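This report goes through selected parts of one protein model, residue by residue and helix by helix. Please keep the sequence and the structure in view while reading.

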Amino acid sequence: MIPGKENTGKSTSSQTEKVGSFAFFDVEHFIRRLIRNWYWFALMAALGYAISWVYSKYYAQRIYASNLSLSISNNTASYFTPNQSINFIWGQNGNQDGIYLKKMLLSRSHNEYLVKQLDLFINYSTKGLIKQTYLDKYDSPVFLEVDKNHKQQVNYTITLIPKGGDRYEVILPEEGESTSLYSYVTESFNTVSPYPRPANKVISLNEWYVSPNLKFKLVKNPQPTPIKLDNILLTLSTVNQTVNDLVSTIGVDFDKEINTIMIISKSGYNLNGTVNFLNTSVDELQKKRLIDRNTVDKNTESYLFDNLSKIRKKLDSSAQVLNHMKVSEGLYDIKDRDEKALERIKDLESKKAELLTRINSLNNIRNTLASQNLDRMISMNAAGIEDGIFSATVSELKALYLKRRELALIYTPNSEPMREINRLINEARGNSTGSIRNYYNTYLNEIAKIDRQIADESVDLVAYPEKERKYLDAERGYNMIEATYNTLLAKQNETQIRVATNKSDITVIDPAKNLGQGPIAPDVQRTKYSIIGGLLLLPLLIIGISEALDNRIRNIKELLQATRIPLLGVIGKNTHDNNLTVLEQPRSSISEAFRGIRANLRFLHKEDNKSKVILLTSSVGGEGKTYISINIASVLGLSGKKTILLGMDLRKPKIFGDFKIDNKYGISNYLTGEVEMDKIINQTKIPNLHVATSGPIPPNPSELLMSERNVEFIQDLKEIYDYIVIDSPPVGLVADPFELMKYADASIYVVRHEYTEKYMLKMITEKYQNQEVQNLGLVYNDYQHQQGYGYGYGYGYGYGYGYFDEDKNYQEPTLIKVRNKLRKLFGRS
């Protein structure tokens, strides 16, 4: 049975839904194409490896990082060196000192100090044939020392070429001189008059190079450099730009187990540069914090000494009053006095005296903030407070005051920079005074509470005689002054101990070192795999897109499932010089395939002795319809059946060329009545095979083929021949074949492998399923098991359009036009 024949007839609803539906993407064919194009993937992989190697060696700027760990002691506190504090008011604890120190390390003031102190605004590098490598300052044999009083051009490359004997040639860019020059004193740009390009010059060490836009000299590096450099590139940056770039490369983290241990990291293009910066940064911070700590503690010691002197005088005076009352009044002891109540009152008044001492200290701190002379600030410890956040605020305020004094030398009071710095100062001052106000309120509330408790305890003292009450009041006054004195004395002892034992509260655990650490970025391996993967994805993407855009038939099983039209046979690729395969290669596999089609034809028509009309058509030209017609007619003729092959594709005559027949007279001449039938019938090498060619192209081929004379012509031939094979026009281009099918006993629809478009089969499939066309079978042409792309046809109609002469001005639909251009781009025929 012919494959698919059992599916003819009425279709079920589910079958009908699937008819004409092809898969959007043929995965199997896609995989075969990938395997067949393996060499592209090998080429892309090799190209990707080469690109990644060149990138890694010559272009990738490696970024290094070094770490430093330090410990923060927690036994002291001040505004500029706060410790791990316990907040007096709210009882909260946390690593306030660590947070402050982190803020300090990332602060503009600290890093600006380092930039100016270490000349970090000078960038060193060297350039090879392709790649530029960044250097640490100490990798260079010479240092650049700029005259900060001279205006300099920033972001302007200065090239030094060693000339031997501590002499260097200064080479400046051919262009790029700017009239906007930077002042390292005012940290601002100034416009100067235009000037000619400064000349290149050879200078010695410590010799000034002077030009309108530069002034510098070279100083010898005291340390020997292991690398000999052919050139040194120097670039100046602004202080602000350098600080911003610097801060963005610094990271500060706390140890997860011990939060007073900090881990500071610095990334950069040069490992030595990151190591030197970290060690220098922490060293400078240690020095600064020790100076600040000593300043605050000495201020506190002086403040406590002055207050102790004043309280001592009050204490002496109070003692004299108390002694006078004892002597003059003889009150050494009071009978029946409530010692427990008096003791409680004494304790409460001692607490009140301590709170009053703290309020006095807060007054001093507040007055110092108002005076803007923060160098006279005392420690918050004197007020019984340890607040790292407040200390950080005061430290920030001190830096802002210093910055304002610098800006005042440059800008007018109403300028934008001055207004901005004043805004920041007011904000910081508001934060600090707000904290003091909170402490004030807390202390005053505590004092009010103590006063109420004292009043409650003093109710029974009213019953004492007046003389005894005076003595008790004098005694309570003495006790309160004595408590104040003792509080100040204790604070003085603490402060004196701190001054005597002061040292930096930062202890470096592990300094930054160059241990040959590898770069942290870029990830060369990841980049390599990304480049290789991206290039491998390119052919995969191209093949995938072309596969998705390719709508051609290439799967026989899918063809049968989608059309449900019986398959008569499969014809392989024709490698013969012409279309006469059966006649000239009767023993070939292709000839055998045509014999199989001849055998399967009996399933499409009734087995009787009447003459049979077999019509062949296809979707468009180039699918091998004429080739199939010639060879089916040949196998029928060779089988002893009297057969005639009719070339009824009047628009594209072809059969005559293969049989070497003169096409002067043909079917078109007969249908117009010019000649008789015997004039157009030609003999062939096969006795039982005759051929009637198309003849000259007529102006009205459709009318001729659908004329009554053509019907009579076929009926007359049926009286003479056993088989009439009609090579009709493509059904996808003209409607003629559908009219001729009415007179055919069997119709053959030719589908060419990887040529016929899937959508072209929709019309014939619908007509077949609706039983408008009967006795129809498929022939699958040009099939290759290896899925090749050459078709081996030396003829053809083209791809479909341009079949008629009238098609010269045919405009393709936009989507088809885009698809064809993409196919051409991807190299698909």
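## Ile726 and its surroundings

Ile726 is in contact with Val613, Ile614, Leu615, Leu616, Leu646, Met648 and Ile714, when its neighbours within four places in sequence are left aside. The model shown here is a predicted one. Within it, Ile726 belongs to strand 21, which covers residues 723-727.

Is Ile726 buried or exposed? Its relative accessibility is 0%, so Ile726 counts as buried, given that buried means under 20% relative accessible area. Leu740 lies 14 residues from Ile726 along the chain, and the C-alpha atoms of the two are separated by 9.0 Å.

## The protein overall

The protein has 829 residues, and 47% of them are buried. Its secondary structure comprises 24 helices and 23 strands.

Contacts can also be sorted by how far apart the partners are in sequence. Taking the contacts between residues at least 6 apart in sequence, 80% join residues at least 24 apart.

## The annotated segment and helices 2 and 3

Which residues does UniProt assign to a "transmembrane region"? The UniProt record, an unreviewed entry, places this feature at residues 38-56. In the model, the chain over residues 38-56 is 100% helix and 0% strand. The C-alpha atoms at the two ends of residues 38-56 are 27 Å apart.

Helix 3 spans residues 38-59, and helix 2 spans residues 27-36. Their axes come within 4 Å and cross at roughly 55 degrees. Helix 2 and helix 3 are therefore oblique to each other. On the side of helix 2, the contact is made by Leu34, Ile35 and Arg36, and on the side of helix 3 by Trp38, Tyr39 and Phe41. Sorted by class, this contact of helix 2 with helix 3 has 5 nonpolar residues, no polar ones and 1 charged residue.

## Ser66 in strand 1

Strand 1 runs over residues 64-72 and contains Ser66. With a relative accessibility of 1%, Ser66 counts as buried.

What does the side chain of Ser66 reach at 3.5 Å? The partner is the backbone nitrogen of Val275. Val275 is also one of the residues in contact with Ser66 once neighbours within four places in sequence are set aside. The others in that list are Ile264, Ser265, Lys266, Leu271, Thr274, Leu278, Ala512 and Gln517.

## Helices 15 and 16

Helix 15 (residues 589-600) and helix 16 (residues 625-638) pack with their axes 9 Å apart, at an angle of about 75 degrees. Angles of 65 to 115 degrees count as roughly perpendicular, and helix 15 and helix 16 are therefore roughly perpendicular to each other.

Which residues make the contact between helix 15 and helix 16? Helix 15 contributes Ile590, Phe594, Arg595, Ile597 and Arg598. Helix 16 contributes Tyr627, Ile628, Asn631, Ile632, Val635 and Leu636. By class, the residues of the contact of helix 15 with helix 16 are 8 nonpolar, 1 polar and 2 charged.

## Ala490 in helix 11

Ala490 is part of helix 11, which covers residues 466-501. Its relative accessible area is 37%, so Ala490 is partly exposed. Ala490 and Leu304 are 186 residues apart in sequence, while the distance between their C-alpha atoms is 9.8 Å.

## Backbone details

Most residues other than glycine have a negative phi, and most peptide bonds are trans. The peptide bond that joins Ala521 and Pro522 is cis, with omega at about -5 degrees. Pro522 sits in the loop between strand 15 (506-510) and helix 12 (524-549).

Arg564, a residue other than glycine, has a positive phi near 55 degrees. The loop that holds Arg564 lies between helix 13 (556-563) and strand 16 (567-572). At 13% relative accessibility, Arg564 counts as buried. Asp782 is not a glycine either, and its phi is positive, at about 65 degrees. Asp782 is found in strand 23 (residues 776-783), and with 1% relative accessibility Asp782 counts as buried.

Conventions
Residues are numbered from 1 along each chain as its sequence is written. This is a predicted model: local features need pLDDT of at least 70, side-chain atom pairs count only at pLDDT 80 or more; totals for chains, interfaces and linings use all residues. Side-chain values use heavy atoms; hydrogens and water are left out. UniProt positions are given in the numbering used here, feature names are shortened, and annotations may be inferred rather than shown by experiment. Axes are lines fitted to C-alpha atoms, for helices over the stretch in contact, and angles run from 0 to 180 degrees between N-to-C directions. Angles under 35 degrees count as roughly parallel, over 145 as roughly antiparallel, 65 to 115 as roughly perpendicular and the rest as oblique. Contact means heavy atoms within 4.5 Å. Ala, Val, Leu, Ile, Met, Phe, Trp, Tyr, Cys and Pro count as nonpolar, Asp, Glu, Lys and Arg as charged, and the others, Gly among them, as polar. Buried means under 20% relative accessible area, exposed over 50%, partly exposed in between (1.4 Å probe, protein chains only). A polar contact is a pair of N or O atoms within 3.5 Å; within protein, one must be able to donate a hydrogen and the other to accept it, and residues adjacent in sequence count only if both atoms are side-chain atoms.
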